[in-house]
Amino acid sequence: MLRYNLCERYGKLMFHKNVLLIKNDNSLYLYKTNKTKFTTIKIDKPESVKLHFWDKKFYVVLEGEETYIKLISIPKLEIQSINEVVRTELKYSFNNIDDIMFTYKIYREYENKLELLVYCINSSKYEIIRRCSEIWDVKGINVIQFCLFNYIKSLVDVKNYIYIYLLNSNLYLTGVSNNQLCCNNITPILDDFRGTQDSIDEFIIKYEKLGFGVIDAIYTLNIESKINNTSKKIKCQNLGTIEPTKLFNICFK
C-alpha cells in the first residue's frame, strides 16, 4: 500500500526543480524551472510525459484540500519513536489510515511531555499521486495553503495570525499560532461573494475556541478590495496578489 508523509519542514526551501500541481478538478500541471526560464505544462496523462532522467524528482502540491489538524499530547520520546506514536493516535480518528498522508510539528515542549500539531490529508487525489509516483520520484507532498505559509511568514512580524487566500473560487483560511500552522478551512466562493464575511467570522471564532491565543492580525491575498474591515478588533492587511506560478518561482530560488 502506498503511503506518504507530507513535507515536514514548512519553514525551509520546499521545492527542488519540478512541481506537480493537482488542481481542484483533478487536472495536473507541471511547473518546471531552470536558470533562465519558468514554464507551465498541462499534463493529460502522466505516462505520456517524456523527461530526461535527471528531471524525475518532483514535489506534489494539492489544490483545494482541507487539512485535518489535531493538537495531541504525548510523553517525551526520542524523535525516531514519535512517528509511530502519531500513527497509533490517528487510528482513533480514522477508520483506515493506510491512505492517510501526515506529518507533525512540535508545538510546545515540557519537561515530561510534548504537544504536537499533527497534519493529515485523506484525499480523492490519491490515485493521481500513485500514478505519478510510479513514473517519477515524488520527494514530498504539500497543500497550496501551507506553501503560502513559507511566503507569508517572511512578510509579517507577529506570531498569531490568520491568512486568507483566494484561488479558483476557493477561499483558503489558515490560522497560525506561535508561528505554527494550527487550523484551516476551505470555502467555495460565489461570484457575488455572498457568505464570505460569515465564513471569515466563523473561522475567527473557531481559532479562538481552539485556545491558540489572541489573533494579532489578519492578512489577505488575491482579494484586493472585495473584503474590507474583516474585524474591527483585529488589524487586517492586504498583501496584494500572488499566483501559483509566482509562488513556486519564489520557492525555487
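Which residue is the bridge partner of Y163 in β12? Select Y163 and look across: the partner is Y219. Keep both on screen, as the tour starts from here.

Before you click further, note that this is a predicted model, in which local features need pLDDT of at least 70 and side-chain atom pairs count only at pLDDT 80 or more, while totals for chains, interfaces and linings use all residues. Residues are numbered from 1 along each chain as its sequence is written, and side-chain values use heavy atoms, with hydrogens and water left out.

**The whole thing first**

Show everything as a cartoon: the protein has five helices and 13 strands. These are DSSP runs numbered from the N terminus, helices being H or I of at least four residues and strands E of at least two. Of the 253 residues, 49% count as buried (buried is under 20% relative accessible area, exposed over 50%, partly exposed in between, with a 1.4 Å probe and protein chains only). Switch on the surface and you are looking at about 13300 Å² of accessible area, 46% of it belonging to carbon and sulfur atoms (Shrake-Rupley method, 1.4 Å probe; for residues, only the protein chains shown count as cover).

**The five-stranded sheet**

Now select β9 to β13. They form an open sheet in the order β11-β10-β9-β12-β13, with mixed pairing (two strands pair if DSSP finds at least two bridges between them). The edges are β11 (180-188) and β13 (235-238), each paired on one side only. From one strand to the next the twist averages 20 degrees (axes are lines fitted to C-alpha atoms, for helices over the stretch in contact, and angles run from 0 to 180 degrees between N-to-C directions).

Walk across from the β11 edge. β10 (170-177) and β11 pair in the antiparallel sense over eight bridges, and G175 has C183 as its bridge partner in β11. Zoom in on the hairpin of these two strands: two residues lie between them, and N178 takes a positive phi near 55 degrees. Although β11 is an edge strand, seven of its nine residues are buried, so β11 is largely enclosed by the rest of the structure.

Next comes β12 (217-221). β9 and β12 run parallel, over five bridges, and four bridges join β12 to β13, again parallel. For a landmark there, find T220 opposite N238 in β13. Colour β12 by side chain: A217, Y219 and L221 point one way, I218 and T220 the other, and all are buried.

**Two helices on the sheet**

Which strands does helix α3 touch? Select 144-152 and you'll see α3 packing on the sheet against β9 (161-167), β10, β11 and β12, its direction at about 120 degrees to that of β9. Nine of its nine residues are buried, so α3 is largely enclosed by the rest of the structure.

Then add α4 (196-209). This helix also touches β9, β10, β11 and β12, but its direction makes about 20 degrees with that of β10.

**Into the core**

Go back to Y163, which is buried at 1% relative accessibility. Its contacts, leaving out residues up to four places away, include F146, F149 and I152, along with Y172, L181 and Y219 (contact means heavy atoms within 4.5 Å). Y163 is one of the residues with the most contacts inside the largest nonpolar core, which has 66 residues; L20, L62, I152 and Y161 are the others named. Such a core is a set of buried Ala, Val, Leu, Ile, Met, Phe, Trp, Tyr and Cys residues joined through side-chain atoms within 4.5 Å. Apart from it lies another core of 14 residues, among them I72, V86, L90 and Y104.

To visit that part, select V118 in β7 (113-121). V118 is buried, with a relative accessible area of 1%, and its contacts include I72, V86, L90 and Y104.

**Last stop: rings**

Select the aromatics. The count comes to six pairs, where rings of Phe, Tyr and Trp (its six-membered ring) pair if their centres lie within 6.5 Å, with planes under 30 degrees apart stacked, over 60 edge-to-face and the rest tilted. Y107 and F212 have ring centres 5.7 Å apart and planes at 90 degrees, so they are edge-to-face. Y107 sits in β6 (101-109) and F212 in the loop between α4 and β12, so the pair ties together parts 105 residues apart in sequence. Add Y207 and you have one aromatic cluster with Y107 and F212. Finish with Y161 and Y163, a tilted pair at 6.4 Å centre to centre and 40 degrees between the planes.
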